[in-house]
Amino acid sequence: MLAKKLYAFPISRVFHLDRAGKEHFLGLRFRWNTGETEIAWEKPGAFKMGLIFEEPIPATPSPGRA
């Protein structure tokens, strides 16, 4: 039986780099408790093709854990 997707943590910000070198925010990549990753697009369907890159989001400790 496959594990259910119960919670996800953001792991990186996703950007598009245009020809002029300007960054455009596209969304966030999340890692589910199952280990799968998924991008939550800011504007679904707006980005068609081009150079994208990701900026890692530093992990923060969970409340109550040392």
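Phe9 lies in strand S1, in a model that is predicted. Strand S1 covers residues 8-17 and belongs to an open sheet of 4 strands with antiparallel pairing. Phe9 also helps to make a nonpolar surface patch, together with Leu6 and Tyr7. The points below take up the sheet, the strand pairs, Arg29, the surface patch and the salt bridges.

**The sheet**

- The strands are arranged in the order S3-S2-S1-S4, and the sheet they form is open.
- Strand S3 (37-41) and strand S4 (51-56) are at the edges and have a single partner strand each, so one side of each has no neighbour in the sheet.
- From one strand to the next, the twist averages 35°.
- In general, the strands of a sheet are paired by hydrogen bonds of the backbone, in either a parallel or an antiparallel way.

**S1 and its two partners**

- S1 and S2 run antiparallel and are joined by 9 bridges.
- One of the residue pairs between these strands is Val14 with Gly27, its bridge partner in S2.
- S1 and S2 make up a hairpin in which 5 residues separate the two strands.
- Gly21 is in the turn of this hairpin and has a positive phi of about 90°.
- S1 is also joined to S4, by 6 bridges, and this pair runs antiparallel.
- Across this pair, His16 is opposite Ile52 in S4, and Leu17 is opposite Leu51 in S4.

**Arg29**

- Arg29 is found in strand S2, which spans residues 23-32.
- Its side chain forms a polar contact of 3.2 Å with the side chain of Thr37.
- Apart from neighbours within four places in sequence, the residues in contact with Arg29 include Phe9, Pro10, Ile11, Ser12 and Val14.
- Thr37, Glu38, Ile39 and Glu54 are also among the contacts of Arg29.

**Surface patch**

- Leu6, Tyr7 and Phe9 make a nonpolar patch of about 360 Å² on the surface.
- Phe9, one of these residues, is in strand S1 and is in contact with Arg29.

**Salt bridges**

- There are 4 salt bridges in the structure.
- One salt bridge is formed by the side chains of Glu36 and Lys5, at 4.0 Å from N to O.
- This pair links distant parts of the chain, with the two residues 31 residues apart.
- Glu36 is in the loop between S2 and S3, whereas Lys5 is in the segment before S1.

Note on methods
Residues are numbered from 1 along each chain as its sequence is written. This is a predicted model: local features need pLDDT of at least 70, side-chain atom pairs count only at pLDDT 80 or more; totals for chains, interfaces and linings use all residues. Side-chain values use heavy atoms; hydrogens and water are left out. A polar contact is a pair of N or O atoms within 3.5 Å; within protein, one must be able to donate a hydrogen and the other to accept it, and residues adjacent in sequence count only if both atoms are side-chain atoms. Contact means heavy atoms within 4.5 Å. Two strands pair if DSSP finds at least two bridges between them. Axes are lines fitted to C-alpha atoms, for helices over the stretch in contact, and angles run from 0 to 180 degrees between N-to-C directions. Patches are made of residues with over 30% relative accessible area and no salt bridge: like charges are joined within 9 Å, nonpolar side chains (Val, Leu, Ile, Met, Phe, Trp, Tyr) within 5 Å. Accessible areas come from the Shrake-Rupley method with a 1.4 Å probe; for residues, only the protein chains shown count as cover.
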